[in-house]
Amino acid sequence: MAIHNTQTPYFTFVFLCILFFLSQPENPSGTIKEQLAAIAPVLEQLWQQKEERVKEFSDVQSQIQQICGEIAGNLNLDDVSPAVDESDLSLKKLDEYQSELQELQKEKVTLL
């Protein structure tokens with residue numbers, strides 16, 4: 001699916017909620033608590049995916065920060081992870097950071 005490469009966790013959440021509610025009968029059975037329990041696994045999976053995506057962003061941004069420091073001659077690097085902007089965790093944005101990292105790696109090799 002072409003849209004998969006640019007989707008955000010929010011889009012995934014909305015899509016899964018729509019599928020879930022469309023698959024439900026018109027007269028839902030069970031209590032609200034039971035209905036919530038039925039979608040809890042989907043929500044848990046979305047939270048895990050979000051956490052994994054945030055970690056990917058953090059790893060790439062940390063590498064960018066480290067290489068920028070090395071290029072600038074700053075060898076005293078702190079192990080402080082950069083703050084991840086969680087408003088855009090799309091694969092498109094991650095690809096942009098990965099491209100930036102690759103360019104910095106090339107520049108580092110050229111300079112050193």
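1. Leucine 112 first. At 72% relative accessibility, leucine 112 counts as exposed, because that value is over the 50% cut-off. Leucine 112 sits in the segment after helix 3. Its C-alpha lies 9.7 Å from that of glutamate 70, although 42 residues separate leucine 112 and glutamate 70 in sequence. Bear in mind throughout that this is a predicted model.

2. Overall fold. The protein has three helices and zero strands. Read along the sequence, the pattern is α-α-α. Of the 112 residues, 19% count as buried.

3. Length of helix 2. What should the 40 residues of helix 2 span at 1.5 Å a residue? The expected figure is 58 Å, and the end C-alpha atoms are 57 Å apart, so the two agree. Helix 2 covers residues 32-71.

4. The kink. Helix 2 has a kink of about 40 degrees at isoleucine 39. Proline 41 follows shortly after that point. Isoleucine 39 is also one of the buried residues of helix 2, and it is among the residues that line the largest cavity.

5. After helix 2. Glycine 73 follows helix 2. The phi of glycine 73 is positive, near 85 degrees.

6. Buried residues of helix 2. Several carry hydrophobic names, including Leu46, Val54, Phe57, Val60, Ile64 and Ile67. The buried set also includes Arg53, Ser58, Gln61 and Gly69.

7. The aromatic pair. How many aromatic pairs does a search of the whole structure find? It finds one. The partners are phenylalanine 57 and tyrosine 97, with 5.8 Å centre to centre and 80 degrees between the planes. The pair is edge-to-face, because planes over 60 degrees apart fall in that class. Phenylalanine 57 belongs to helix 2 and tyrosine 97 to helix 3 (residues 91-111), so the pair links distant parts of the chain, 40 residues apart.

8. Burial of the two rings. Which side of the 20% cut-off does each partner fall on? Phenylalanine 57 has a relative accessible area of 1% and is therefore buried. Tyrosine 97, at 21%, is partly exposed.

9. Salt bridges. The count comes to six. One of them joins lysine 50 and glutamate 86, at 2.9 Å from N to O. This pair links distant parts of the chain. Lysine 50 is in helix 2, while glutamate 86 is in the loop between helix 2 and helix 3, 36 residues apart. Both ends are partly exposed: lysine 50 has a relative accessible area of 22%, and glutamate 86 has 42%.

10. A bridge within helix 2. The side chains of lysine 55 and aspartate 59 meet at 3.1 Å, N to O. These residues are four apart in helix 2, which means about one helical turn between lysine 55 and aspartate 59. Lysine 55 counts as exposed, with 51% relative accessibility. Aspartate 59 is partly exposed at 35%.

11. A bridge within helix 3. Glutamate 96 and lysine 93 form a salt bridge of 3.6 Å, N to O. Here the spacing is three residues, about one turn of helix 3. Glutamate 96 has a relative accessible area of 41% and is partly exposed. Lysine 93 is partly exposed too, at 27%.

12. The cavity. How many cavities of 30 Å³ or more does the structure hold? There is one. The largest cavity contains about 40 Å³ of space. Its lining is made of Phe13, Leu16, Cys17, Phe20, Ile39, Val42 and Leu43.

13. Who lines the cavity. Helix 1 (9-22) and helix 2 each supply at least two lining residues. Helix 1 gives the most, with four residues.

14. Points to keep in view. Helix 2 recurs in this note. It carries the kink at isoleucine 39. It holds phenylalanine 57 of the aromatic pair, as well as lysine 50 of the bridge to glutamate 86. Helix 2 also contributes to the lining of the largest cavity.

Note on methods. Residues numbered from 1 in each chain as written. Predicted model: local features only at pLDDT ≥ 70, side-chain atom pairs only at ≥ 80, totals over all residues. Heavy atoms only, no water. Expected span 1.5 Å × (residues − 1). Bend = angle between axes of the 7 residues up to and from the residue. Buried < 20%, exposed > 50% of the residue type's maximum accessible area, 1.4 Å probe, protein only. Phe/Tyr/Trp six-rings, centres within 6.5 Å; stacked < 30°, edge-to-face > 60°. Salt bridge = Lys/Arg side-chain N within 4 Å of Asp/Glu carboxyl O. 1 Å grid on protein atoms, 1.4 Å probe; cavity = no way out; pocket = protein on both sides within 12 Å on 5 of 7 lines; lining within 4 Å. Points joined across faces, edges and corners; volume = space filled by probe spheres on them.
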